[in-house]
Amino acid sequence: MAGITRQFIDALPHAKAIGLDVRDVGAGRAEFILPYREDLIGDPETGVLHGGVVSTLLDTTCGAAVICHPESGGGTATLDLRIDYMRAATPGQVIVAKAECYHVTRSVAFVRAVALDDDTDRPVASATGAFTFKAKPRAEKQEGQA
């Protein structure tokens, strides 16, 4: 799964540009890291990261969780994504996004995610979304279950 996730990130120029990295992946879940960098600051007076960077982190992590779902047959695209910004990320700290694909239909995957800095009790942002989903062909599912 890590190889598929790495290919996913490498295929997204914006993910590479902001320095997203894979921390952990599993069945229907993904964790990505966003390092703190001065060129990603949205408010020079406070040093707080730009909200669009946090949005990209959450969206990409959610997409990776979909691709890592055991029934996934390949790529995905964002259909709908709601992000609630709860507070500014602490300047200088890495942000970790954790996403879980908690339900799939024949064509849609549903995902929830959270972005955290060192204060893991107070999220920076949370997200819920719907993503395109293409299930593995039946024969491939049966072989994988054997």
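**Exercise 1. How many disulfides does a search of the whole structure find?**

Solution. Residues are numbered from 1 along each chain as its sequence is written. The model is predicted: local features need pLDDT of at least 70, side-chain atom pairs count only at pLDDT 80 or more, totals for chains, interfaces and linings use all residues, and side-chain values use heavy atoms, without hydrogens and water.

- Step 1. Set the test: a disulfide is a pair of cysteine sulfur atoms within 2.5 Å.
- Step 2. Apply the test: the search returns zero disulfides.
- Step 3. Check C62: its nearest cysteine sulfur belongs to C101, 9.3 Å away.
- Step 4. Check C68: its sulfur lies 9.7 Å from the closest one, in C101, too far for a bond.

**Exercise 2. Compare the computed span of helix α3 with the expected one, then find its buried residues.**

Solution. Helices (H or I, at least four residues) and strands (E, at least two) are DSSP runs, numbered from the N terminus.

- Step 1. The expected span is 1.5 Å times one less than the number of residues.
- Step 2. For the 17 residues of α3 (residues 51-67), that gives 24 Å; the end C-alpha atoms are 25 Å apart, which agrees.
- Step 3. Buried means under 20% relative accessible area, exposed over 50%, partly exposed in between (1.4 Å probe, protein chains only).
- Step 4. In α3, 12 of 17 residues are buried, including V53, L57 and C62. C62 has a relative accessible area of 0%.

**Exercise 3. Place strand β8 among its partners.**

Solution. Two strands pair if DSSP finds at least two bridges between them.

- Step 1. β5 (residues 78-85) joins β8 antiparallel through seven bridges; I83 partners A127.
- Step 2. β7 (residues 108-116) pairs antiparallel with β8 over eight bridges; A115 partners A125.
- Step 3. Six of the eight residues of β8 (residues 125-132) are buried, so the strand is largely enclosed by the rest of the structure.
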